[in-house]
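Colleague: Please take a close look at one part of this model for me: the pockets and what surrounds them. Keep it brisk, and give each cut-off as you go.

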Amino acid sequence: MKSHLSISPAVQAALAANRPVVALESTIITHGMPYPQNLTMAQNVETVIERNGAVPATVAIMDGRFKVGVTAEDLERLAQTGGKAAKASRRDVAALLASGEIAGTTVATTMMAAEAAGIQVFATGGIGGVHRGAETTFDISADLDELGRTQVAVVCAGAKSILDIPKTLEVLESKGVPVLGFNTDDFPAFWARKSGGKVDHRVDSGEAAAKVIGLQFALGLGGVLVANPIPESHALDAAMIEERIAEAIRGAEAEGVGRKELTPFLLKRIFELTDGKSLVANIALVENNARVASEIAVALSKQAR
């Protein structure tokens, strides 16, 4: 893995000096929203991390390398390539590195790269999980396996609302992944602040989260999920978004969309059905997760001194 890892000078210097670093995925750029909103979002999220005392490290597969900390030019290239880029989960990594294709990294592959680089904290929008109807399709995201084995703390707004959240929480429990609620007892549902599920443990500060994460990693256990609800000012009505999701799922079934094409299809359709409100909410929650991830990274850095 390390032989195919390209770490930017800024990220390398921060890691060498034990300064806080926050990893960022890139499928949210390539497959999560249209251009140029995706580029503006990516730039703003990196700025949020810097303002909160950490170094951003956006991860992508480009030019036959796992890049950890892409350049401004690379960010532009990712944003403009958009959905034409590959979507890289764990199974795709070797083939994409061999071909030299440009690819956005999912939660799973970003975790792989972050751990290999020595980065402990990663901010994303929402994790993948168990898809609705998985009892017949067996459509379960590789993100859940990765969380069970890879020592990275993932800060997210819960699981994407398009998923079966109760089943996702059950699988996380089976994988031994602790779910920490950041200032919440309720597991968030991406665009909505509550899913009806409960977190395993509540933490009310970056320092409290860092204490649990530090011990988890010292004990040789796997990843940690930090569930951080979307800001109240940007949350969407749960009943309204559920109706739109159901309509989008019916559309996917009618068109025969499945496997890794399903999530991008549903997100795009929900954007259309909500007149763009889902995109505004998505951007707000990602920025909020970046802020919390920075707080945790800063606390972990102080803990290690």
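Modeller: Helices (H or I, at least four residues) and strands (E, at least two) are DSSP runs, numbered from the N terminus. This model is predicted, so local features need pLDDT of at least 70 and side-chain atom pairs 80 or more, while totals for chains, interfaces and linings use all residues. Numbering runs from 1 along each chain as written, and side-chain values use heavy atoms, without hydrogens or water.

Start with the frame. The chain holds 13 helices and 11 strands. Its C-alpha trace spans about 50 × 45 × 35 Å along the principal axes. Of the 305 residues, 57% count as buried (under 20% relative accessible area with a 1.4 Å probe, protein chains only; over 50% is exposed, in between partly exposed). Take the contacts (heavy atoms within 4.5 Å) with a separation of 6 or more: 74% of them join residues 24 or more positions apart.

Now the largest pocket. A pocket is an open set of points on a 1 Å grid over the protein atoms alone, with protein on both sides within 12 Å along at least five of seven lines; a cavity is a set where a 1.4 Å probe fits but cannot get out; lining residues have an atom within 4 Å of a point. The largest pocket contains about 660 Å³ of space (points joined across faces, edges and corners, filled by probe spheres). Its lining has 31 residues, and K87, T106, S141, K260 and T263 are the closest to its centre. Helices α2, α8 (142-149) and α12 (262-273) each give at least two lining residues. The top contributor is α12, with three. By type, the lining has eight nonpolar residues (Ala, Val, Leu, Ile, Met, Phe, Trp, Tyr, Cys, Pro), nine charged (Asp, Glu, Lys, Arg) and 14 polar (the others, Gly among them).

Helix α12 turns up again at the second largest pocket, where it gives the most to the lining, with four residues. Helices α12 and α13 each supply at least two. This pocket holds about 290 Å³. Eighteen residues line the second largest pocket, with H31, G32, M33, P34 and K268 nearest its centre. Its lining splits into nine nonpolar, eight polar and one charged.

Follow α13 outward for a moment. Helix α13 covers residues 277-303 and includes S301. S301 is buried, at 5% relative accessibility. Beyond its sequence neighbours up to four places away, S301 touches N18, R19 and P20.

There is closed space too. One cavity of 30 Å³ or more turns up in the whole structure. The largest cavity encloses about 80 Å³. Two elements, α2 (27-30) and α3 (37-51), give two or more residues to its lining. The largest share comes from α3, with three. The lining includes L24, E25, I28, I29, M41, G125 and V286. In all, eight lining residues of this cavity are nonpolar, three polar and one charged.

G125 leads on to A157. Leaving out residues up to four places away, A157 touches G125, P188, A189, F190, N228, I230, L285 and N289. A157 sits in the loop between β8 (153-156) and α9 (165-174). A157 is buried, at a relative accessible area of 0%. Its contact F190 is also buried, at 2%. K194 lies 37 residues along the chain from A157, with 9.9 Å between their C-alpha atoms.
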